[in-house]
Amino acid sequence: MNSSSLILEKINKLSSSKFYILFTVIVFLPIFLFGTFIQDDNTIINLSKLGFINAVENICYVNHNRPLSCLYHGLLSRFLPIYQIYFLIDLILFFFSIIFVIKSFNFLFVSEKDKKLFFSLAIIPFFSYTVIYSPGMQSMGTLALFFWSVSLLFLKIFIERKRKLNLFYSYLFIFTSLLIYESPFPLISILIFFPLFFANKKLTKFSLFNFAIHTFILLFVLFLKKKVFINFYGLELSRFKLGFNDIGTIFYLLFINLVLIINILFQSIEIF
């Protein structure tokens, strides 16, 4: 047996948690050691020169449509403006976001190898490297993703244990997530269709309720961003651009997501 085979065998014997940590360290250690702030991060670094209240007010001039991100950046700027500190905070949020997704979809993974493969692909942010390379400004997107993953996990716990408080937490976390940053908006479709993975008549009725609540949350956040937050600074900065032409596109994408999820569900119970 050659050395590469021995290494692979040792990796396969690692527990999932140890593999997640080891893989993350191997992938991101060079960035941790040699990374540096980029231009967008300078805005957050400059906040460290201000008091907390002044820092929050300052960043809200450009982020008032994301009020909770202002608080987050105000708190983040209390740390020393050292890249490694900001990067570590960002990476920890991203790491646990993926862990919570794996826990939520645990029933879809056939083996521990499947989980390790999913983690290996998910931890490398192909969708946007700026969430890693810009741990100052862009980490608000990572924080929003983290809150979405917590919302998903609480939804899973509610389905399993039927405790309404867990459902409340799920809705609270997704609402909070959208007030931090709007990037989790497309991921709400997962929260809407997630109960359909569980074949249960009561959950079918709940799915309609779940859809209605998430729709209300989206519309309420849209109202806040378009009609309320704009009054504080007089600028409309929201990326939520919803018109009559967009509604058809939204329902089309929701339908496509539903078809894909149903297909995954059928495969998971080995109908095909």
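Here are a few exercises with worked solutions on the predicted model shown above.

**Exercise 1. Getting your bearings**

Find how many helices and strands the chain has, and what share of its residues counts as buried.

*Solution.* Start by walking along the chain from the N terminus: the elements run α-α-α-α-α-α-α-α-α-α-α-α-α-α. The count is 14 helices and zero strands. Next, turn to burial: the chain has 272 residues, and 42% of them count as buried.

**Exercise 2. A look along helix 10**

Compare the reach of helix 10 with the expected value, then list its buried residues.

*Solution.* Helix 10 spans residues 164-180. With 17 residues, helix 10 reaches 25 Å from its first C-alpha to its last, close to the 24 Å expected at 1.5 Å a residue. Its buried residues are Asn166, Leu167, Ser170, Tyr171, Ile174, Thr176, Ser177, Leu178, Leu179 and Ile180. Now step back to the loop between helix 9 (139-161) and helix 10, where you will find lysine 162. The phi angle of lysine 162 is near 60°, a positive value in a residue other than glycine. Lysine 162 counts as partly exposed because its relative accessibility is 49%.

**Exercise 3. A salt bridge between two loops**

Which residue forms a salt bridge with arginine 66, and how far apart are the closest N and O atoms?

*Solution.* Four salt bridges are present in the structure. In one of them, arginine 66 pairs with glutamate 182, with the closest N and O atoms 2.9 Å apart. Arginine 66 sits in the loop between helix 4 (52-63) and helix 5 (67-76), while glutamate 182 sits in the loop between helix 10 and helix 11, so the pair ties together parts that are 116 residues apart in sequence. Then check the surroundings: arginine 66 is buried at 7% relative accessible area, and glutamate 182 is buried at 8%. Finally, widen the view: Arg66, Glu182 and Lys225 are linked in a network of salt bridges.

**Exercise 4. Salt bridges within a helix**

Work out how the partners of two more salt bridges, lysine 115 with glutamate 112 and glutamate 160 with lysine 156, are placed in their helices.

*Solution.* Begin with lysine 115 and glutamate 112, whose closest N and O atoms are 3.3 Å apart. These two are separated by about one helical turn, because they are three residues apart in helix 7 (residues 112-122). Lysine 115 is buried at 13%, whereas glutamate 112 is partly exposed at 40%. Move on to glutamate 160 and lysine 156, whose side chains meet at 3.2 Å, N to O. Both lie in helix 9, four residues apart, about one turn of the helix. Lysine 156 is buried, with a relative accessible area of 8%. A general rule helps here: an α-helix has 3.6 residues a turn, so residues three or four places apart point the same way.

**Exercise 5. Two rings and a patch**

Classify the ring pair of phenylalanine 95 and phenylalanine 96, then name the residues of the nonpolar surface patch of about 510 Å².

*Solution.* A search of the whole structure gives 29 aromatic pairs. For phenylalanine 95 and phenylalanine 96, the ring centres are 5.3 Å apart and the planes stand at 80°, so the pair is edge-to-face. Phenylalanine 95 is buried at 13%, and phenylalanine 96 is partly exposed at 36%. As for the patch, its residues are Ile21, Val25, Leu29, Leu33 and Phe34. One of them, leucine 33, belongs to helix 2 (residues 16-34) and is partly exposed at 48% relative accessible area.

Notes: Residues numbered from 1 in each chain as written. Predicted model: local features only at pLDDT ≥ 70, side-chain atom pairs only at ≥ 80, totals over all residues. Heavy atoms only, no water. Patch = residues over 30% accessible without salt bridge, like charges linked within 9 Å, V, L, I, M, F, W, Y side chains within 5 Å. Areas by Shrake-Rupley, 256 points an atom, 1.4 Å probe, with all protein chains shown as cover. Buried < 20%, exposed > 50% of the residue type's maximum accessible area, 1.4 Å probe, protein only. Expected span 1.5 Å × (residues − 1). Phe/Tyr/Trp six-rings, centres within 6.5 Å; stacked < 30°, edge-to-face > 60°.
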